[in-house]
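Please open the structure in a viewer and keep the sequence panel visible. The tour below proceeds by selection, one stop at a time.

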Amino acid sequence: MAVHNHPHRHLGFRFPSLRRSGTASASGEVTTAAATATQAYVFAGLRLLTGFVFLWAFLDKTFGFGYATQSGNGWIDGGKPTKGFLGGVAVGPMESTFHDWAGAAWADWLFMLGLLGIGLALIAGVGLRLAAVAGTLMMTLMWIAEWPPAKHLSDGSASMSTNPFADYHLIYAVVLIALAAAGAGATWGLGKAWARLPFVSRNRWLL
């Protein structure tokens, strides 16, 4: 009787390699950590840039550096920060209301303190939730003042609106909300130290 030696047949099932799985797991953790760090840096950079936009607007309107506000027309020189913008509103449901507010002392103070507070909060990385609320309110009012949905101004001339809804005011508002939601003050900011303060830890809306 002949004896045939049959080769071992592989059924396609193999036990997973513990070494390979461990390596893959470690690689995945490193990738996740790198992605998280990159995201934190991106949000931190966005926070600083946005903060500089608000802070610079305050400084230029206060001292008249010659950019949006001409030299000698700054707030410290007797200029009225809200008069030019609100006085120039030419369309929208609050046109007459904005005209009444233009140049009023209370409107100037609220506007300028808002720019300063939002700018400092974003630069320092603290109070981002308050900054998001205040900034969103400010951007909403400015959006209404420009009123992008209108194709024509009150005098019938073209409004030159490029989009009936989305403009930079809405984008800034969304950015402020995103920064607060992401806790963007922890990287390149004082967010962690701020959150550890007893008063802040008891009042989370101050984060």
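**The whole chain**

Begin with the entire protein chain selected: residues 24 or more positions apart account for 62% of its contacts with a separation of 6 or more, a contact being heavy atoms within 4.5 Å. This is a predicted model, in which local features need pLDDT of at least 70, side-chain atom pairs count only at pLDDT 80 or more, and totals for chains, interfaces and linings use all residues. Residues are numbered from 1 along each chain as its sequence is written, and side-chain values use heavy atoms, with hydrogens and water left out.

Colour by secondary structure to display eight helices and zero strands. Helices (H or I, at least four residues) and strands (E, at least two) are DSSP runs, numbered from the N terminus. Of the 207 residues, 29% count as buried; buried means under 20% relative accessible area and exposed over 50%, with partly exposed in between (1.4 Å probe, protein chains only).

**Helix 4**

Select residues 105-124, which form helix 4. Its 20 residues reach 28 Å from first C-alpha to last, close to the 28 Å expected at 1.5 Å a residue, where the expected span is 1.5 Å times one less than the number of residues. Show side chains for its buried residues, including Phe111, Met112, Leu115, Ile118 and Leu122; Asp108 is also one of the buried residues. Just after the helix, Gly125 takes a positive phi of about 80 degrees.

**Helix 6**

Move to residues 168-182, helix 6, whose 15 residues reach 21 Å, close to the 21 Å expected. Which of its residues are buried? They are His169, Ala173, Val175, Leu176, Leu179 and Ala180. These cover an arc of only 160 degrees around the axis, which puts them on the same side of helix 6; the arc is that of the directions from the helix axis to the C-beta atoms. On the other side, Ile171, Val174 and Ala181 are exposed. Gly183 follows helix 6, with a positive phi near 60 degrees.

**Helix 5 against helix 6**

Add residues 128-146, helix 5, which packs with helix 6 at an angle of about 170 degrees, the axes 8 Å apart. Axes are lines fitted to C-alpha atoms, for helices over the stretch in contact, and angles run from 0 to 180 degrees between N-to-C directions. The two helices are therefore roughly antiparallel, a term for angles over 145 degrees. Among the residues making the contact are Leu128, Met139 and Trp143 of helix 5 and Tyr168, Tyr172 and Leu176 of helix 6.

Conventions
Angles under 35 degrees count as roughly parallel, over 145 as roughly antiparallel, 65 to 115 as roughly perpendicular and the rest as oblique.
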